[in-house]
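Subject: Structure handover and notes

Dear colleague,

I am handing over the structure below, together with some notes to read alongside it. Please open it first and keep it in view while you go through the rest of this message.

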Amino acid sequence: MISSMSWVPRGAARSAPIQADPPTQEEIDEAMRTIALVTQYAGNDADADDGEMEVDGADQEVARAKAAAEALGRTGSGGAVVVGASDGLEELHMEEYDDEDYEPELLSTGSGGLYYASNEEDPHLVRNNDDDDGDEDDEEIEDMAIKPTDMLIVCAHNDDEFNSLQVSIVEELEDGDLNMYVHHEVPLSDFPLCTAWMDFNFTDAKKEGNFIAVGTMDPAIEIWNLDIVDAVKPHIVLGGLSKNKEKVKGEKGEKYKEGSHRSSVLGLAWNTVVRNALASASADKTVKVWDLYTGKCDRTLQNHDGKVQSVAWRSPEVLLSGSFDRSVAMTDMRNDRQSCHKWSVEADVESLVCDPHNEHTFVVSLDNRTVQAFDMRTASSHSNCGQPKFTLHAHEKAVSSVSFAPSTPNLLATGSTDNTVKLWDLSNNQPSCVVSLNPNLGAIFSVSFSNDSPFLLACGGSKGKLKVWNTLLDPAVASKFSK
């Protein structure tokens with residue numbers, strides 16, 4: 001399945017990726033020995049207490065070792081080591097998402113309309129030996145070159161055997177068709193739940209980078225450098241279990257790094273202005289803001305009584321969060337007291353997004369099939385800040401994801417576990433459905449418009465496929481929004 005996706009801005013990726021240093025044979029042997037010694041712990045259930053998931057240290061080491069071993073030697077043979085999904089996936093009810101659906105022609109999937117058997121046959125391939133960071137020791141991979149016109153999208157992917165980030169290239173062809181293919185894959189040790197792309201450069205903060213933060217069933221946040229191919233370890237890890245664990249008499253559970261979440265990371269949001277700030281939402285009912293300069297938690301917000309599913313920066317200082325306690329909280333970071341205002345919603349919050357065309361509006365999608373919009377100017381010190389601008393009965397099942405078209409006011413996409421994706425015209429706060437389709441992806445978990453080509457909508461769901469829809473090719477969309 002595809003649980004989350006993030007577009008990489010055009011031109012942010014290196015033209016020639018860097019080859020990661022290969023592991024030594026001793027490291028490979030050690031990984032395999034670790035698997036053999038502690039496989040007995042792999043099936044242990046995580047302890048749970050009041051909604052918090054305790055992660056066993058041995059389980060985590062097994063998962064990481066398996067992921068590394070799989071990444072080092074994925075041959076497709078029957079003896080390959082595989083990584084299964086976490087026990088917590090039972091909440092997703094995956095057995096309900098196997099309905100067969102029709103295939104629309106407006107979407108591009110897989111390798112699209114073009115496929116080249118080798119790089120030599122690809123007339124679009126660009127080879128560039130420029131070493132952008134000045135490190136002469138970096139080995140660039142010329143036959144994996146990325147053209148300046150290419151768009152990249154990163155998907156959190158699980159196929160019941162392997163957890164990974166799939167980095168795909170999307171090419172817009174002259175006739176409006178799309179060509180898409182997986183450029184490279186990053187192995188993950190646990191089931192991925194959310195992603196956030198960011199350009200913060202951990203080596204030199206004055207420069208821009210190409211990194212992705214990943215939240216998983218594990219309480220840690222992994223950050224990977226997308227310009228490095230065949231890496232088996234993240235560039236940095238925020239929080240998680242402490243490797244220097246010491247048994248303390250009478251201590252219950254595991255020892256975590258200072259400031260770490262205590263349960264699954266469900267949502268991530270990077271601050272595009274304060275570039276060293278990353279917000280995270282968790283099933284442990286907290287929101288944390290991380291300082292990427294130090295790799296430590298800067299502050300913890302405890303504004304909810306249930307799992308926090310989604311976070312979004314409204315401005316460099318204002319953070320929104322949506323929770324299973326049926327509320328949305330707005331926290332102002334500009335003062336030490338971190339003033340908080342709340343809006344009540346009708347059901348558990350599935351996703352939250354700010355309107356890029358209206359600085360006062362944000363939208364939440366809910367478990368009860370609806371989408372609600374709110375005006376931030378109704379914020380007050382009361383627990384209920386105001387009534388919604390509108391309530392949209394959008395789907396037949398939970399609305400799992402929403403996305404605004406970045407360059408087209410009033411165009412909103414919604415995705416649902418009812419297997420459909422819909423586009424809406426929100427003009428005058430009176431939503432009307434422009435088009436509805438079933439992209440044959442199973443339950444839809446993520447939809448996202450591209451910033452570089454604002455009518456391209458990426459969709460992912462329970463069947464584990466990524467599809468990109470050129471929405472402007474739909475006559476109804478072209479009629480309303482092409483101007």
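What follows is an account of what was found in it, taken topic by topic.

Please bear in mind throughout that this is a predicted model.

I begin with the nonpolar cores. The largest of them has 35 residues, and those with the most contacts inside it are Leu 165, Met 198 and Leu 278. Two or more residues come to this core from each of strand E6 (151-158), strand E7 (163-172), E9, strand E10 (208-216), strand E11 (221-225) and E14, and E9 gives the most, with five residues. If you would like one residue from which to explore this region, Met 198 may serve: when its neighbours within four places in sequence are left aside, Met 198 is in contact with Gly 209, Asn 210, Phe 211, Ala 213, Ile 223, Trp 270, Leu 278 and Leu 292. Apart from this core lies another, which has 18 residues, including Leu 423, Ile 444, Trp 469 and Val 477.

The aromatic rings come next. The count of aromatic pairs comes to seven. One of these pairs is formed by Phe 202 and Phe 211, which meet edge-to-face, with 5.0 Å from centre to centre and 70 degrees between the planes; Phe 202 and Phe 211 are both buried. Another aromatic pair, that of Phe 362 and Phe 374, is stacked, with 5.6 Å from centre to centre and 20 degrees between the planes. Because Phe 362 belongs to strand E23 (residues 361-366) and Phe 374 to strand E24 (residues 370-375), this pair ties together parts that are twelve residues apart in sequence. Phe 362 is buried, with a relative accessible area of 0%, and Phe 374 is likewise buried, also with a relative accessible area of 0%. Beyond the pairs, there is one aromatic cluster formed by Phe 200, Phe 202, Phe 211 and Tyr 293.

How many salt bridges are there? The count comes to nine, and three of the contacts may be worth a look one by one.

- Asp 199 forms a salt bridge with Arg 275, and the closest N and O atoms are 2.8 Å apart. Since Asp 199 lies in strand E9 (residues 192-200) and Arg 275 in the loop between strand E14 (265-270) and strand E15 (277-282), the pair ties together parts that are 76 residues apart in sequence. Asp 199 counts as buried, at 10% relative accessibility, whereas Arg 275 is partly exposed, with a relative accessible area of 22%.
- Arg 299 forms a salt bridge with Asp 298, where the closest N and O atoms are 2.9 Å apart. Arg 299 counts as partly exposed at 24% relative accessibility, and Asp 298 counts as partly exposed at 45%.
- Arg 334 and Asp 332 meet through their side chains in a salt bridge of 2.9 Å, N to O. Here Arg 334 is exposed, with a relative accessible area of 59%, while Asp 332 is buried, with a relative accessible area of 17%.

There is also a network, in which salt bridges that share partners join Lys 147, Asp 150 and Glu 171.

I would then turn to Ser 403, whose place is in strand E26 (residues 399-404). Is Ser 403 buried or exposed? Ser 403 has a relative accessible area of 10%, and so it is buried. A polar atom of the side chain of Ser 403 lies 3.0 Å from the backbone nitrogen of Phe 449. Leaving aside the neighbours within four places in sequence, the residues in contact with Ser 403 are Leu 411, Leu 412, Ala 413, Val 447, Ser 448 and Phe 449, so that Phe 449 appears in this list as well as in the polar contact just described.

Finally, there is a pair of strands to look at. Strand E18 (residues 308-313) is largely enclosed by the rest of the structure, because six of its six residues are buried. E18 pairs in the antiparallel sense with strand E19 (residues 318-323) over five bridges, and a hairpin joins E18 to E19 through four residues. To find the pairing on screen, you could start from Ser 310, whose bridge partner in E19 is Gly 322.

With best wishes

Notes:
Residues numbered from 1 in each chain as written. Predicted model: local features only at pLDDT ≥ 70, side-chain atom pairs only at ≥ 80, totals over all residues. Heavy atoms only, no water. Phe/Tyr/Trp six-rings, centres within 6.5 Å; stacked < 30°, edge-to-face > 60°. Buried < 20%, exposed > 50% of the residue type's maximum accessible area, 1.4 Å probe, protein only. Salt bridge = Lys/Arg side-chain N within 4 Å of Asp/Glu carboxyl O. Core = buried A, V, L, I, M, F, W, Y, C linked by side-chain atoms within 4.5 Å. Contact = heavy atoms within 4.5 Å. Polar contact = N/O pair within 3.5 Å; in protein donor to acceptor, adjacent residues only side chain to side chain. Pairing = 2+ DSSP bridges.
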